Amino acid sequence: MAQPFMPRRHQCVSTLAVTLGVGCLLPSGWVQAEGFIDDATATLNTRNAFYQGNFKNSDATQNQRQEWAQGFILQGSSGYTPGVIGMGIDVIGKWGVRLDSGGGSTGSGLLPKTASGAPAEYSRLGGAVKLKGFNTLVKVGEQMPSLPVVRTNDARLLPQTYVGATAVSDPVKWATLYAGRLDSFSNRDSTNQEKLHMHGSTIDGDYFDYLGGEFRLVDGRLQLAYWHAQLKDIYAQDLYRFTYDQPMGTGILRLDTGLYVSTEEGAAKAGDLDNRAAFAGLSWRQSGHTFLLGLQKLFGKDDFVGLQDSPTVMTNHVNNIFGYAHERSWQLRYDYDFAASGVPGLVASAKYVHGWGVQRSNAVDGHEWERDFNLKYVVQSGQWRDLSVSMSLYSLRSTFQSSLDETRLTIGYPIKLF
């Protein structure tokens with residue numbers, strides 16, 4: 001059995017070597033300087049996850065997926081060396097341990113799936129060098145972005161991670177600028193470093209570039225954003241987004257609208273692409289209650305365009321993105337924070353999404369729906385403070401893809417190392 005957090009030779013060796021090497025080569029005065037060590041933090045997040053999925057199609061090749069696993073996620077971050085530009089390092093470690101799997105029930109996404117079943121454990125260690133100065137943060141190495149054009153998928157045991165260079169800058173208080181190039185990723189049920197590919201395709205792209213700007217006006221209540229992204233020789237995508245918050249009495253009314261425009265890029269290795277996705281959401285938040293009504297419509301001959309299994313379209317829910325060619329969908333969502341009733345740490349959400357009008361090779365006017373329910377409690381004080389317990393129930397029904405019911409149970413506990 002491999003030791004936890006020990007990388008295999010083919011995994012992010014160059015990134016880790018650079019990260020640790022920089023830490024070793026820093027002048028001793030810098031490493032010992034106040035900030036680099038004193039501001040360092042490290043947390044070991046433990047996650048015990050159970051997944052059960054039952055397929056409802058009569059022609060399903062697999063009737064059930066069921067696995068149980070224990071995960072450990074190490075996140076370490078140093079402070080910065082002194083000077084106009086400070087330098088630091090981040091470390092990400094992932095270790096998954098099989099508790100129950102087999103009997104034809106593999107493939108839940110908790111553990112790697114191989115011809116001989118799920119392995120007993122899998123692990124990965126990566127890191128990033130970071131530079132901070134002039135209101136700008138630059139990272140080179142392994143990281144977990146959460147952006148409208150690329151986001152880390154953390155819906156199973158271990159989070160997805162990306163390797164590349166990113167930058168975030170706040171030149172003025174009302175604007176944030178983003179840029180990055182990512183060239184590989186490690187999936188949530190894998191420790192391998194893989195090339196990036198388009199969602200729904202196995203065609204690789206050499207790298208993924210993005211530029212973005214978010215602008216906050218009217219005391220931050222009005223937010224405008226523009227993003228451009230492209231997967232080399234496969235697709236290019238632009239996102240235009242408008243968000244406005246309007247206080248009304250003790251509540252807040254929010255309008256969130258956007259338009260994704262996607263087309264082929266460069267050598268067009270995935271062929272000509274034509275997709276536009278427009279969405280609008282109207283929500284009301286007051287006294288722990290949040291109600292949301294959302295609408296979305298896709299135009300063009302192709303499905304929504306995005307990276308591997310992490311598209312970021314508005315209706316991207318647990319099992320489905322409702323982003324198929326010509327699909328129209330609406331959603332209703334209700335969230336409640338029980339802190340408003342004197343029970344802090346307990347939150348619940350329920351949502352329903354209905355899509356129709358799908359036009360693709362296996363569907364003529366296809367339709368589908370998804371129903372989700374989530375309940376989570378986080379201990380607020382005492383010895384087990386920050387211990388979290390969550391339960392999720394999901395149902396998906398479709399006329400052109402697999403229908404299934406899912407149950408997920410997760411227990412998490414962060415251990416602060418320093």
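Mentor: A residue is called buried when its relative accessible area is under 20%, exposed when over 50%, and partly exposed in between, using a 1.4 Å probe and protein chains only. This is a predicted model, in which local features need pLDDT of at least 70, side-chain atom pairs count only at pLDDT 80 or more, and totals for chains, interfaces and linings use all residues. Residues are numbered from 1 along each chain as its sequence is written, and side-chain values use heavy atoms, with hydrogens and water left out.

Trainee: Is L224 buried, partly exposed or exposed?

Mentor: L224 has its place in strand β13, where strands are DSSP runs of E with at least two residues, numbered from the N terminus. Because its relative accessible area is 33%, L224 counts as partly exposed.

Trainee: And H197, is that residue buried or exposed?

Mentor: H197 belongs to strand β10, which covers residues 196-197. Its relative accessibility is 18%, and therefore H197 counts as buried.

Trainee: Which element gives the largest share of the largest nonpolar core?

Mentor: A nonpolar core is a set of buried Ala, Val, Leu, Ile, Met, Phe, Trp, Tyr and Cys residues joined through side-chain atoms within 4.5 Å. The largest one has 28 residues, and V150, F208, Y210 and Y235 have the most contacts inside it. Elements giving two or more residues to this core include β9 (175-186) and β12 (208-217), but the largest share, four residues, comes from β13.

Trainee: Which residue of strand β10 does F208 contact?

Mentor: Contact means heavy atoms within 4.5 Å, and neighbours within four places in sequence are left aside here. Strand β10 spans residues 196-197, and the contacts of F208 include L196.
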